[in-house]
Amino acid sequence: QVPLVESGGGLVQAGGSLRLSCAASGIKLSNNVMGWYRQAPGKQRELVASITIGDRTNYADSVKGRFTISRDNAKNTVYLQMNSLKPEDTAVYYCSALYIQVPWGQGTQVTVSS
């Protein structure tokens, strides 16, 4: 059973929005610091947003003011609301826990056209 399953990606025009979801099984998200990462072709995976157990959030400078990370503990799901998307946001997006080892999910592809 895959512990983290990402969904919600797609093709969108620049300026558009997408909402990514990360559903967890076997991991209680409310007990963990969770993050959204992305990996663009030819680049290293980078952390773009994180949320603490107390729901404090942190963002990479490149997405600050445009992306919002949130969590629904009842659904054991983490979300990433992405607004004002830019072509440079094109990447495969993954969620993971920051301080425990969890296998990477399959990710969800986000493609932003100019």
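This passage describes the overall fold, two loop residues and the aromatic pairs of a predicted model.

The protein contains 0 helices and 10 strands. Along the sequence, the elements follow the pattern β-β-β-β-β-β-β-β-β-β. The radius of gyration is 13 Å, which agrees with the value near 13 Å for a compact globule of 114 residues. Taken along the principal axes, the box filled by the C-alpha atoms is roughly 40 × 25 × 25 Å.

Of the 114 residues in the protein, 46% are buried. The exposed surface of the protein comes to about 6100 Å², and carbon and sulfur atoms supply 47% of this area. When contacts between residues at least 6 apart in sequence are considered, 53% of them join residues at least 24 apart. The charged side chains comprise 11 positive and 7 negative ones, and the centres of these two sets lie 3 Å apart.

Two loop residues were examined individually. Gly15 is located in the loop between strand S2 (10–13) and strand S3 (18–24). The relative accessible area of Gly15 is 54%, and the residue is therefore classed as exposed, the cut-off for that class being over 50%. With residues up to four places away in sequence left out, Gly15 touches Ser84 and Leu85. The C-alpha atoms of Gly15 and Lys86 are 6.4 Å apart in space, although 71 residues separate the two in sequence.

Ser30 is placed in the loop between S3 and strand S4 (34–39). In this case the relative accessibility is 17%, so Ser30 counts as buried, a class that requires a value under 20%. The contacts of Ser30, again without residues up to four places away in sequence, are with Ile53, Arg71 and Asn73. Of the two loop residues, then, Gly15 is exposed and Ser30 is buried.

A search of the whole structure for aromatic pairs returned 2. One of them joins Tyr37 and Trp104, whose ring centres are 5.1 Å apart and whose planes stand at 90 degrees, so this pair is edge-to-face. An angle over 60 degrees is what places a pair in that class. Tyr37 belongs to strand S4, whereas Trp104 lies in the loop between strand S9 (91–97) and strand S10 (108–113); the pair therefore ties together parts that are 67 residues apart in sequence. Tyr37 has a relative accessible area of 14% and is buried. Trp104, with a relative accessible area of 40%, is partly exposed.

Trp104 also pairs with Tyr94: the ring centres lie 5.8 Å apart and the planes meet at 75 degrees, so this pair is edge-to-face. Tyr94 is part of strand S9 and Trp104 sits in the loop between S9 and S10, so the parts tied together by this pair are 10 residues apart in sequence. The relative accessible area of Tyr94 is 11%, which makes this residue buried. Taken together, Tyr37, Tyr94 and Trp104 form one aromatic cluster. Within this cluster, Tyr37 is buried, Tyr94 is buried and Trp104 is partly exposed.

Definitions and conventions. Residues are numbered from 1 along each chain as its sequence is written. This is a predicted model: local features need pLDDT of at least 70, side-chain atom pairs count only at pLDDT 80 or more; totals for chains, interfaces and linings use all residues. Side-chain values use heavy atoms; hydrogens and water are left out. Helices (H or I, at least four residues) and strands (E, at least two) are DSSP runs, numbered from the N terminus. Buried means under 20% relative accessible area, exposed over 50%, partly exposed in between (1.4 Å probe, protein chains only). Contact means heavy atoms within 4.5 Å. The radius of gyration is taken over C-alpha atoms; the globule rule is 2.2 Å times the number of residues to the power 0.38. Accessible areas come from the Shrake-Rupley method with a 1.4 Å probe; for residues, only the protein chains shown count as cover. Lys and Arg count as positive and Asp and Glu as negative; His and the chain ends are not counted. The place of a charge is taken as NZ of Lys, CZ of Arg, CG of Asp or CD of Glu. Rings of Phe, Tyr and Trp (its six-membered ring) pair if their centres lie within 6.5 Å; planes under 30 degrees apart count as stacked, over 60 as edge-to-face and the rest as tilted.
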